[in-house]
Amino acid sequence: MNFIHNYIYYIGAFGLVFIGIYIILVKRNLIKVIIGLSILDTGINLFLISIGYISKGTAPIFSKIDMENAPMVDPVPQALVLTAIVIGVAVLALALSLAIRLYHHYGTLNLRKIKEQRW
Amino acid sequence: MVNPVLLIAVPLGLSFTIPLFGLISRKIEKYVPVVALIFNLVISSILIPEVIKQPINVFIGGFQPPFCINLVVGPVGILFSALIALVGLLASIYALDYIREGAKQLYHMLYLLLLTGATGVVLTGDIFNLFVFFEILCISSYALVAYLGDKAGIESAVKYLIQGAMGSSLMLIGIGLLYGLFGTLNMADIASNIDTVSSISIFVPMVLLITGLGVEAAIFPLNAWLPDAHSSAPSSISAILSGIAIKVGIYAVARVVFTIFGASSILQFLAILGLLTLLIGEVSAFCQSNIKRLLAYSSIGQIGLVVFALGMGISYGVVGGLFQLISHALSKALLFFAVGYMIYRSGSMDISKLEGMGKQMPLTSFAFTIGAFSLVGLPPFIGFPSKFLIIRAALSKQELLFTILVAFVLLGTVIEGAYFFRVVQVLYFKGNHTDLQREEAPIPALIPIVILMVLIVAIGVYPKSLTRMLNSASSELLNRVAYIRSVLR
Amino acid sequence: MRRIISLILLAVVALGIALCVIHIPFGAPKTKVGNYYIDKGREQTGATNIVTSVVVNYRGFDTLGEVTVLFVAAIGVSAVLATLKKKFQKKIEPPSLVLNAGCRFLFPLVLFFGAYIFIHGHLTPGGGFQGGAIIASAFLLTYLGCRGRRISESRSKLTESLSGLVFVLVGLIGLAIGGHYFLYNFLPKGVLHSLLSAGIIPIIYIAIGFKVGSEIAGIIDKLVEES
Amino acid sequence: MLAAAISASIFKDLMNAVIASCLVSLIAAILFFLLQAPDVAMAEAAIGAALITAVFVIAIRRTKRYEE
């Protein structure tokens with residue numbers, strides 16, 4: 001029980017990661033694949049944040065009331081995740097615009113049916 | 001002393017200003033990348049002698065590492081940034097005339113940002129910063145592959161994007177694991193602490209990082225995107241993707257393997273992967289009838305050779321690998337430049353449609369021939385010393401495995417020679433075209449072609465001019481202790 | 001078949017990651033870099049929000065890169081969609097009066113909220129990205145509520161490039177003044193907890209806020225166009 | 001959260017799948033807040049939950065709604 005309690009956030013995060021990868025590998029619809037990418041991103045972000053967590057820590061912000069005693073959670077992963085979220089948005093927006101173009105050309109989003117290029 | 005951070009900051013700032021220039025006049029904007037890259041080339045060549053003496057460390061924000069992001073401008077970094085600036089400059093001159101359709105302003109911005117991202121990757125000393133610049137490189141190349149907006153371009157951009165995004169996600173997981181294990185993101189700091197953790201838990205982030213970076217570096221099982229993307233992008237972009245983007249991926253893999261992990265166990269595996277990549281690339285190139293796909297597959301083959309050379313893990317091998325990297329960048333850029341206008345004139349990418357080009361575009365065809373001979377490794381060109389170094393290094397290892405592998409490398413070279421000679425034969429000797437008018441490529445395209453030809457022959461005749469540089473670069477890659485000490489004084 | 005292969009692949013990866021993750025205990029204090037930031041962050045940067053000081057000051061170069069990534073994506077979206085021809089024009093029914101009025105009323109409020117968030121980024125939670133995203137959602141609101149209203153493209157481009165330039169220029173001024181350090185915090189740190197503190201952090205965050213806001217709004221604008 | 005993610009993978013109607021993935025982001029934002037990361041929670045709520053969903057909806061409107 002203790003094990004699950006300790007690692008619940010990791011399990012959740014990697015659950016999201018694996019569901020995301022599974023969607024990307026298996027699904028045929030491009031929009032579905034992009035949804036998989038977004039879930040994958042969320043999972044990774046959750047994982048990074050939970051690395052930085054310290055039990056009974058507080059947010060790394062000094063408010064006016066002095067509270068030096070409480071330990072603060074690690075600010076670095078939070079900074080990394082801010083960056084990662086924005087990068088994720090960038091990739092998703094580009095992917096969706098490509099999906100719109102692809103639909104214009106082929107009239108379908110099914111990746112198995114789109115086989116102009118051969119090995 | 002010039003501050004190396006300008007190598008990144010100035011092109012970035014200039015690419016932000018392109019829309020502003022666009023408001024003044026539509027004609028200026030396409031010269032902005034040229035100016036920025038000339039600047040970069042000058043700065044890197046000024047820095048070369050200083051860097052060979054002593055690597056320069058730049059601390060951004062004025063804090064000490066590992067608490068800030070630092071740039072490590074060692075011989076490897078400056079070598080790559082000079083190469084990026086050189087090939088990028090030539091391709092931007094080429095693009096002045098070649099890019100005629102679509103949103104030109106956006107093309108030039110994306111192009112400059114791609115090269116900025118590449119420069120950032122090779123100079124940075126922080127693993128997350130490497131990831132960020134890698135994303136700049138990748139995202140701009142997805143957009144540039146789709147730039148023409150035709151069916152093939154969009155489709156290959158989609159493939160490229162999905163695989164690339166998966167790769168960078170895996171890389172981010174790897175970075176997260178490293179941060180969890182070591183509590184720092186500075187590459188030198190991680191490298192100095194690498195022995196404090198059990199080997200299995202290091203192995204996992206290493207595999208994740210190599211997989212993530214390997215997508216961009218096009219190592220064998222991860223390179224399905226490459227032929228499509230390279231063949232359907234505009235030719236100037238194909239030259240950059242082949243000449244620079246893959247090289248940056250290789251650099252990142254080498255940095256991760258050699259410097260961070262100092263892993264000798266995985267090297268042999270890498271060498272074999274590289275050989276597989278080489279053989280698969282060359283054999284598939286042999287079967288192609290589309291000229292740009294042929295060149296793309298041949299890029300895969302050459303990358304395999306570079307990975308093989310780096311995988312030997314000895315000083316000679318690394319020197320040979322880096323030399324091969326330079327020679328491939330120059331020759332492949334030349335080939336793509338030449339092919340771009342041949343396709344433009346003949347209106348088709350089919351090899352058989354290129355008959356008689358030797359008469360129609362004599363200089364361009366001559367350039368193609370030189371590039372092809374150099375890639376195959378014929379003596380007076382740059383490809384010869386690089387291949388020679390790699391083979392000598394493999395033989396000097398005196399292991400049965402590597403001696404057998406060398407035989408496969410030679411086999412790959414033979415196949416490569418076969419298909420390139422076939423193309424050259426089509427260019428010059430096939431068909432009967434006495435009625436063709438001479439119609440050369442325009443001047444802005446000929447300038448980079450001629451410069452590249454001169455460089456290929458000059459370095460091929462005097463390979464010694466690069467050796468000092470390459471020697472210090474390879475010792476930087478192989479000597480992790482010196483690297484760590486130079487960062488964390 | 002494909003499913004089975006990918007599930008096996010995933011299982012292998014999961015096993016490997018589990019082996020590694022076991023060594024990273026959850027909730028334990030461990031990193032020296034993080035502690036350094038928490039201990040020294042207030043004196044060295046003057047910001048009370050340590051995340052902000054990390055994002056803008058210690059790892060400012062990352063942030064520059066990240067803003068660039070978004071910029072690349074915005075240009076990429078417009079480059080990809082630029083060659084798209086206008087094909088179909090659906091009839092748009094005008095929004096109801098309540099919706100229209102509501103959006104017009106909410107728009108400036110949301111805008112102000114976003115501005116508040118990125119101006120106070122160094123004191124309270126929030127900052128350039130969040131504020132920028134909120135501003136972009138204000139524009140999204142106008143697309144949803146008041147059809148036909150567009151932000152002018154050249155103006156948003158101008159905002160993008162100007163704010164990007166501000167970021168780079170602030171960095172270069174730091175390089176010129178502070179010796180060899182790009183993005184050197186050259187302004188006085190000010191009093192803790194006051195609005196005008198933390199040197200260059202508010203300037204950079206305001207620039208980021210404008211940039212992110214205009215970029216995301218630009219992306220949405222491009223996607224909405226001609227649909 | 002995992003249930004929302006799984007249902008995002010199952011739904012044939014892409015609109016439903018997008019809403020499910022939005023739910024994933026929203027729950028993740030709450031978890032970020034519980035993990036003492038208010039900055040990230042704000043960013044995830046504003047960007048991940050709101051803007052990404054909007055972009056998805058726009059893209060779906062311009063393509064096809066159902067997965068075949």
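**A walk from chain A into chain B**

Let's start where two chains meet: 26 residues of chain A are in contact with 26 residues of chain B. Keep in mind as you look around that this is a predicted model. On the chain A side of that interface, the elements giving two or more residues are α2 (30–52) and α3 (75–106). The top contributor is α3(A), which puts 13 residues into the side that touches chain B. Sort that side of chain A by class and you get 20 nonpolar, three polar and three charged residues.

Now step back and take in chain A itself. There are three helices here and zero strands, so to read along from the N terminus is to read α-α-α. Of the 119 residues in the chain, 63% count as buried. Contacts that reach far along the sequence are well represented too: take the contacts within chain A between residues at least 6 apart, and 56% of them join residues at least 24 apart.

For a closer look at chain A, go to A:Ile23. This residue lies in helix α1, which covers residues 2–26 of chain A. Is A:Ile23 buried or exposed? A:Ile23 counts as buried, because 27 C-beta neighbours sit inside 10 Å and the cut-off for buried is 20 or more. Leaving out residues up to four places away in sequence, A:Ile23 touches A:Lys32, A:Val33, A:Ile35, A:Gly36 and A:Ile39, and also D:Ser9 from chain D. For a sense of distance, try A:Met72: it is 49 residues from A:Ile23 along the chain, and the two C-alpha atoms are separated by 36 Å.

Next comes the nonpolar core. The largest one has 342 residues, and those with the most contacts inside it are A:Ala90, A:Leu94, B:Leu110 and D:Val55. Here α3(A) turns up again, giving the most to this core with 21 residues. A:Ala90 is worth a stop of its own. Beyond residues up to four places away in sequence, A:Ala90 touches B:Ile139 in chain B along with C:Val69, C:Leu70, C:Val72 and C:Ala73 in chain C.

That brings us to the meeting of chains B and C, where 49 residues of chain B are in contact with 44 residues of chain C. On the chain B side, the elements that give two or more residues are α1 (6–24), β1 (56–59), α4 (104–123), α5 (127–145), α6 (151–182) and α8 (199–217). Which of these gives the most? That would be α5(B), with ten residues. By class, this side of chain B divides into 34 nonpolar, 14 polar and one charged.

Two of those helices, α6(B) and α8(B), also pack against each other. Their axes are 8 Å apart and meet at an angle of about 155°. The two helices are therefore roughly antiparallel, since the label applies to angles over 145 degrees. As for handedness, α6(B) passes α8(B) in a left-handed crossing. From α6(B), the residues making the contact include B:Gly164, B:Gly167, B:Ser168, B:Met171 and B:Gly174, while those from α8(B) include B:Val204, B:Pro205, B:Leu208, B:Thr211 and B:Gly212. The residues of this contact divide into twelve nonpolar, eight polar and one charged.

Chain B offers another pair to look at, α1(B) with helix α2 (residues 32–53). These pack at an angle of about 170°, with their axes 9 Å apart. That angle makes α1(B) roughly antiparallel to α2(B). On the α1(B) side the contact is made by B:Leu6, B:Leu7, B:Val10, B:Pro11, B:Leu14, B:Ile18 and B:Phe21, and on the α2(B) side by B:Val32, B:Ala36, B:Phe39, B:Asn40, B:Ile43 and B:Ser44. Divide these residues by class and you have eleven nonpolar, two polar and no charged.

Finish the tour further along chain B, at B:Ala394 in helix α16 (residues 383–396). Why does B:Ala394 count as buried? Because B:Ala394 has 26 C-beta neighbours inside 10 Å. Setting aside neighbours within four places in sequence, B:Ala394 is in contact with B:Met312, B:Phe402, B:Leu405 and B:Val406. By contrast, look across to B:Ile28, 366 residues from B:Ala394 along the chain: their C-alpha atoms are separated by 50 Å.

Definitions and conventions:
Residues are numbered from 1 along each chain as its sequence is written. Chains are lettered from A and ligands numbered from 1 in the order in which they are written. This is a predicted model: local features need pLDDT of at least 70, side-chain atom pairs count only at pLDDT 80 or more; totals for chains, interfaces and linings use all residues. Helices (H or I, at least four residues) and strands (E, at least two) are DSSP runs, numbered from the N terminus. A residue is buried if 20 or more other C-beta atoms lie within 10 Å of its own, exposed if 12 or fewer, and partly exposed in between; C-beta atoms are placed from the backbone. Two residues are in contact if their C-beta atoms, placed from the backbone, lie within 7 Å. Ala, Val, Leu, Ile, Met, Phe, Trp, Tyr, Cys and Pro count as nonpolar, Asp, Glu, Lys and Arg as charged, and the others, Gly among them, as polar. A nonpolar core is a set of buried Ala, Val, Leu, Ile, Met, Phe, Trp, Tyr and Cys residues joined through C-beta atoms within 7 Å. Axes are lines fitted to C-alpha atoms, for helices over the stretch in contact, and angles run from 0 to 180 degrees between N-to-C directions. Angles under 35 degrees count as roughly parallel, over 145 as roughly antiparallel, 65 to 115 as roughly perpendicular and the rest as oblique. A crossing is left-handed if the near helix is turned anticlockwise from the far one by less than a right angle, and right-handed if clockwise.
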